[in-house]
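Please open the model in your viewer, switch to a cartoon view, and keep the sequence panel beside it, since each stop on this tour asks you to select something and then look around it.

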Amino acid sequence: MPKFLTIGYGDEAGYQRTPEPVRQAAHAHDAELVREGAIVGMAGQPVQVRNPDHTGVETQEGPYLKADLPIAGFALIQAANLQEAIKLASESPCAVAHGVIEVWPLHVAIDT
């Protein structure tokens with residue numbers, strides 16, 4: 001089954017202005033995704049990694065990309081197609097709490 005990476009963006013203000021029953025339903029939805037095998041988590045602080053021409057590792061704290069809202073979390077989900085992945089993402093906390101979720105189809109380059 002195809003896999004999709006979702007990246008949720010949101011902030012505490014949007015989360016708090018969302019009615020509690022809506023937030024609880026969204027968290028229950030994510031818990032169901034986990035029971036079905038999805039990997040769901042909150043985003044920590046990123047580190048950029050570079051190794052130009054394989055001459056040595058360079059790191060820099062902080063995100064490479066900038067967005068209007070901070071990255072709040074991620075998920076690795078399975079869905080039959082992009083439309084189903086969008087449906088699944090639309091019921092998660094960032095989508096319902098005034099944030100946004102990106103859905104990225106994964107094209108597996110290496111079989112495990």
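Before the first selection, one term is needed: two residues are in contact, or pack against each other, when they have heavy atoms within 4.5 Å. Please also keep in mind that this is a predicted model.

**The whole chain**

Begin with everything shown, and you will find 4 helices and 6 strands, which follow one another along the sequence in the pattern β-α-α-β-β-β-β-α-α-β. If you turn the C-alpha trace along its principal axes, it spans about 50 × 35 × 20 Å. Of the 112 residues in the protein, 26% are buried. Among the contacts with a separation of 6 or more, 69% are between residues 24 or more positions apart.

**The sheet**

Next, select β1, β2, β5 and β6, and colour each of them separately. These 4 strands form an open sheet in the order β2-β5-β1-β6, with antiparallel pairing. The edge strands, β2 and β6, each pair on one side only, and the twist from one strand to the next averages 15 degrees.

Now keep β1 (3-9) in focus and ask: how many of the 7 residues of β1 are buried? The number is 5, so β1 is largely enclosed by the rest of the structure. On one pairing, 7 bridges join β1 to β5, and if you display side chains here you can look for L5, which stands opposite L76 in β5. In the other pairing, 6 bridges join β1 to β6, where Y9 stands opposite V100.

**The edge strand β2**

Move on to β2 (39-42), which is joined to β5 by 4 bridges, the two strands running antiparallel. Select G41, which lies in β2 and has F74 in β5 as its bridge partner. Leaving out residues up to four places away in sequence, G41 touches G73 and F74. For a contrast between sequence and space, add T59 to your selection and draw a distance between the two C-alpha atoms: G41 and T59 are 18 residues apart in sequence and 23 Å apart in space.

**Helix α2**

Then select residues 20-35, which make up helix α2; its 16 residues reach 22 Å from the first C-alpha to the last, close to the 22 Å expected at 1.5 Å a residue. Colour R23, A26, H29, D30 and L33, the buried residues of this helix. Why do they appear on the same side of α2? They cover an arc of only 120 degrees around the axis, and this puts them on the same side of the helix. The face turned away from that buried side carries the exposed residues P21 and R35. If you show the surroundings of the buried residues, you will see that they pack against α1 (12-16), β2, β5 (71-78), α3 (82-89) and α4 (93-96).

Pause at H29, which belongs to this helix. Is H29 buried or exposed? Its relative accessible area is 12%, and because buried means under 20%, H29 counts as buried. Setting aside neighbours within four places in sequence, H29 is in contact with L88, E91 and S92. Select L33 afterwards: with residues up to four places away again left out, L33 touches A38, I77, L88 and S92. As you leave the helix, look at G37, which follows α2 and has a positive phi, near 110 degrees.

**Helix α3 and the core**

Now select α3, which lies across β1, β5 and β6 and runs at about 155 degrees to β6. The buried residues of α3 are A85, L88 and A89, and they fall on the same side of α3 because they cover an arc of only 95 degrees around the axis. What covers these buried residues includes β1, α2, β5, α4 and β6.

For the last stop, show F4, L33, A38, A75, I77, A79, A85 and L88 as spheres, since these 8 residues are the largest nonpolar core. At least two residues of this core are supplied by β5, and at least two by α3. Two residues from earlier stops return here: L33, one of the buried residues of α2, and L88, one of those of α3, which touch each other.

Notes
Residues numbered from 1 in each chain as written. Predicted model: local features only at pLDDT ≥ 70, side-chain atom pairs only at ≥ 80, totals over all residues. Heavy atoms only, no water. Expected span 1.5 Å × (residues − 1). Buried < 20%, exposed > 50% of the residue type's maximum accessible area, 1.4 Å probe, protein only. Arc of directions from axis to C-beta. Pairing = 2+ DSSP bridges. Axes fitted to C-alpha atoms, helices over the stretch in contact; angles between N-to-C directions. Core = buried A, V, L, I, M, F, W, Y, C linked by side-chain atoms within 4.5 Å.
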